[in-house]
Amino acid sequence: MTRRRPRRPLPDLRGDEGSAVVEFLGVALVLLVPLVYLVLTLGRLQAAAFAADGAAREAVRAVTSSGATRAPGPDSPPAGARAVAAVRIALADQSITTDAATALALSCAVDCSAPGSGVAATIHLDVELPLVPGFLRSAVPLSIPVTAHAEGHVERFAQARP
């Protein structure tokens, strides 16, 4: 009787070709999609922060500048209207569509036009999160508040200028 050696199983000829591509696509979807969303959201928040900071600063400048404290001419708007216009321009510069009059809160120590008085402007914006459907509103907050504050003083000798 001849002894037979046990047969070794044949090697798998199919190989692993193509599985690395599938694994890469799976990992890329799991990691890159949230990363892209995070970059989108942070970019939107940073734009709103720049817009709010610039709007607050320009609103104070519109109220405290010497042209705003002088007696208005027939075509010169009052200081509050100039502040709202400055906020509107600053928000539009960063493509923020919030109403400028509701976003701006002006406060003055005594009288906004009195020389030497302090003026404070606060801008409050609600930044909507991108690509979040509305039906999630009850479960997830869909907006992030952004606030900026600026202060200034009316020129002390503003009325004395010609």
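Here are a few questions and answers about this predicted model.

Reader: Which strands stand at the edges of the three-stranded sheet?
Author: The sheet is open, with the order S1-S2-S3 and antiparallel pairing. A strand with a single partner has one side left without a neighbour in the sheet, so the edge strands are S1 (104-108) and S3 (143-153).

Reader: How many bridges does S2 make with S3, and in what sense do they pair?
Author: One bridge joins Asp126 to its partner Pro145 in S3. Strand S2 covers residues 118-128, and its pairing with S3 is antiparallel, over eleven bridges.

Reader: What distance separates the end C-alpha atoms of helix H1, and how does that fit its expected span?
Author: H1 runs over residues 19-64, and there is a kink of about 30° in it, centred on Leu29. With 46 residues at 1.5 Å a residue, H1 should span 68 Å, which agrees with the end-to-end C-alpha distance of 67 Å.

Reader: Where does helix H3 lie, and at what angle does it run to S1?
Author: Helix H3 takes in residues 79-93 and lies across S1 and S2. Its angle to S1 is about 145°.

Reader: Is Leu142 buried or exposed?
Author: Leu142 sits in the loop between S2 and S3. Leaving aside neighbours within four places in sequence, its contacts include Val127, Leu129, Val132 and Arg137. Buried means under 20% relative accessible area. Leu142 has 7% relative accessibility, so Leu142 counts as buried.

Reader: How far apart in space are Leu142 and Pro130?
Author: In sequence, Leu142 and Pro130 are twelve residues apart. In space, C-alpha to C-alpha, the distance between them is 8.6 Å.

Conventions
Residues numbered from 1 in each chain as written. Predicted model: local features only at pLDDT ≥ 70, side-chain atom pairs only at ≥ 80, totals over all residues. Heavy atoms only, no water. Pairing = 2+ DSSP bridges. Helix = DSSP H or I, 4+ residues; strand = E, 2+ residues; numbered from the N terminus. Contact = heavy atoms within 4.5 Å. Axes fitted to C-alpha atoms, helices over the stretch in contact; angles between N-to-C directions. Expected span 1.5 Å × (residues − 1). Bend = angle between axes of the 7 residues up to and from the residue. Buried < 20%, exposed > 50% of the residue type's maximum accessible area, 1.4 Å probe, protein only.
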